[in-house]
Structure formats: C-alpha cells, structure tokens
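Me: I'd like to walk through a fold with you, sheets and then helices. Can we start from the picture?

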Amino acid sequence: MPTLKDVAERAGVSTATVSYVLNNRSGKVSEEVSERVRRVVKEMNYQPNMLAKALRSSRSNLIGVVVEDIATYQGSLLVKGINRYAGEHGYHLVLYDLGLMDKIRGNYGEIFDFQEEVQSTLSIFRSAGANGVIFVGTHDRDLTGLIRDKDSVVYAYSYSREEKDYMVGYDNYEITRQVVGKMIRKGHRRIGLISGPVDSAPTYQRLMGYQAALMEEEIPLDPSLIVSGNWSLVSGREACRKLLAKKEPPTALFSMNDWMALGAMKELRSCGYRVPEEMELVGFDDSDIAYSSDPELSSIRIPLEEIGQKAAELAIRLIEKRADSVRKYELPCRLIQRGTFTCS
C-alpha cells in the first residue's frame, strides 16, 4: 500500500505539499502542482491513514454511529441521511449495528440490557479517532443514562435528558393538531383515536395535538373515542372493533401508527364499512405498508433522512468546536394524502 512519502517522491514534491493538496488548503500550492499530485494519488490508489491523522491532530473526520437496527426502515433512512450530510462535508462514518429488533421483539425498554455493548462500541470508536458520536434509535423514546460518556452524544430519533447531549426528533404535537383539524373541517365531529401505549412520549404528544384540535373547533372531548393499542396490527383491529361497537361510532379514525391503522382497515372491511366513503382514516409513520394497503393509506411522514442530516450536522459542529446553545431540534412532519383521506 503506497504511503504519503511514495506519492510525494513520484510527484516530485514534499510530503507537506501532498498533505496541503489532500486537505484542500487553498493558497499553499499552485494549481499545476495540485493537479500533478491529484493525478499521482489516483494512479497509485493512495488512501490516507485516517487513524494516523487523528492521532497527530487530536481530531479526525470520523463520526461513530451506533444504530439500534439498520434493517428497519427508520434505521436505514436515518443512516442514509447521516451518511449523505457527512460525505458532503468531508466526513466518514464508522458504523455499528446492534441488530436490536430480533433481540427485544418490540420490548423497547430492554435496550438497557445492551448497555455494555453500546459502551464498549463507543470506546472502540473513540480509540479509532471518532470524535463525534451519533446514536440512532428505531423508536422515539427516552434513553437517558444508556450512554455513560463524558463527551456529548447526538441522539437521532430518540432523546436524552442529559444536559450535555444533543437530540434531533420531530414534532408530534403540531402535525397531529393540523391533521385532526383537517378532519374536523371536512365535517367529522366524532373522530376516533387509536393511540399508542399510555407510557409513550409520542403517544402523549399526539394526544395533546388531538385535544388541541378539538378545543380549537369547540368540540367537547369524548374519552370513549380514545382506545389504546400497542403499535401492532392486532391491537389496531381490536381498538377499531371497540370504537365501532359504540352507540354512535366515529366517522373518521386517526391512528398513531400505520400498523394499527392497517388493523383498523381490516376490521372495517370485515364489518362492511367502505373506506374512505364511510370511514376516513389516517395513519402515522408513512412506512412501506402505507402504499401497499388497499386502498393506499394516508399517513403522516416523519422526516427521517432530514433527522439524520441534522444529527450529522450537530456531530460535525461538535467535532469542530462550533456547537451552539440549542440542544434539542424537532423537525416538522407532513401529511401524505392517499386513498383513505384527502383534503384541500
């Protein structure tokens, strides 16, 4: 494998000149010399030693990324966003996949059982010169205390209450308020809410958005129109069954995720309801099943790639000692209209 010295000898320049060219330090080297060095680098297939550079400068262009499960659609899109932003700004990722979903089977609190694995991975990242670290969740939840690290960590699609940490998520409250408001303005006065587990932070925030929309239109809150599920298809179907059994069933349903919405659609079909003619329906997440259902599911899209990009931006700002005082970011979501609900 060629070294920096080998490149310098073939190009007829000093090693310092090669370093200037590779680090894009304008004004240090003429364009003619720069072109010659770049040509030699390409001919020799020279790859800079990132670890050696980090040890010399106490700073590298490496970002360590721990992802709970890259096989999930959330994990893959978040990492895609991180990688895109990092690459555009001259940084590279060191990635570790916990492969968590096969291990915890939806019991998200069990991630703390893997605390030592996370911690040892971060230690390896730091030893390799990764000065910035991003933790990528697959479910929006509180992970305070998971990482015992004196340096700041950027949480993407998850959060920490540690004062030193940074986090990037999305606005559950506002998008729910907007969409439920759109349902009301289409004439729906009884909107069933299929909620997530009561101890979930996203559940609480979306519930507040639902209530705010009702208050704005002066519609009394009917607690019997709110039925909890556990994010699964089966629980969505059971929740829908309970809502349809009411003396005055709802005319529209807002589901806090797509899987429960799909379960509701199955129950509606089995009960003879036509969607959207007799029951309009909106899901949340805009996952793959949203456009593979029949009819296609209208759903709220979480800006996962954008969350990843913002997390990468924060990690780079931390590495470059340019971090500002804002530590929590909530990016806006948007409604994707398909066959189960449309509005102007």
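Me: Before we read anything off, what sort of model is this?

Reply: It's a predicted model, where local features need pLDDT of at least 70, side-chain atom pairs count only at pLDDT 80 or more, and totals for chains, interfaces and linings use all residues. Residues are numbered from 1 along each chain as its sequence is written, and side-chain values use heavy atoms, with hydrogens and water left out.

Me: How are the strands of the sheet that holds S1 ordered?

Reply: Strands in a sheet pair through backbone hydrogen bonds, either parallel or antiparallel. Strands here are DSSP runs of E, at least two residues, and helices are runs of H or I, at least four, numbered from the N terminus; two strands pair if DSSP finds at least two bridges between them. In this case six strands make an open sheet, S2-S1-S3-S4-S5-S11, with parallel pairing. S2 (92-97) and S11 (328-331) are the edges: each has a single partner strand, so one side of each lacks a neighbour in the sheet.

Me: Which residue in S5 is the bridge partner of tyrosine 155?

Reply: Methionine 167. S4 (residues 154-156) and S5 (residues 166-170) pair in the parallel sense over three bridges.

Me: And what packs on this sheet?

Reply: Contact means heavy atoms within 4.5 Å. Helix H12 (residues 304-319) touches S1, S3, S4, S5 and S11, and its direction makes about 165 degrees with that of S5. Angles run from 0 to 180 degrees between N-to-C directions, with axes fitted to C-alpha atoms, for helices over the stretch in contact.

Me: What about the sheet with S7 in it: which order do its strands take?

Reply: S7-S6-S8-S9-S10-S12, six strands in an open sheet with mixed pairing. S6 and S8 (residues 252-255) run parallel, joined by four bridges, and glycine 192 has leucine 253 as its bridge partner in S8.

Me: Where does H9 lie?

Reply: H9 lies across S6, S7 and S9, at about 170 degrees to S6. Its buried residues (under 20% relative accessible area, 1.4 Å probe, protein chains only; exposed is over 50%, partly exposed in between) include Arg206, Tyr210 and Leu214. Their cover includes S5, helix H8 (172-185) and S9. Just after H9, glutamate 218 takes a positive phi of about 60 degrees.

Me: Last one: how many disulfides are there?

Reply: Zero, where a disulfide is a pair of cysteine sulfur atoms within 2.5 Å. For cysteine 240, the nearest cysteine sulfur, that of cysteine 271, is 6.8 Å away.
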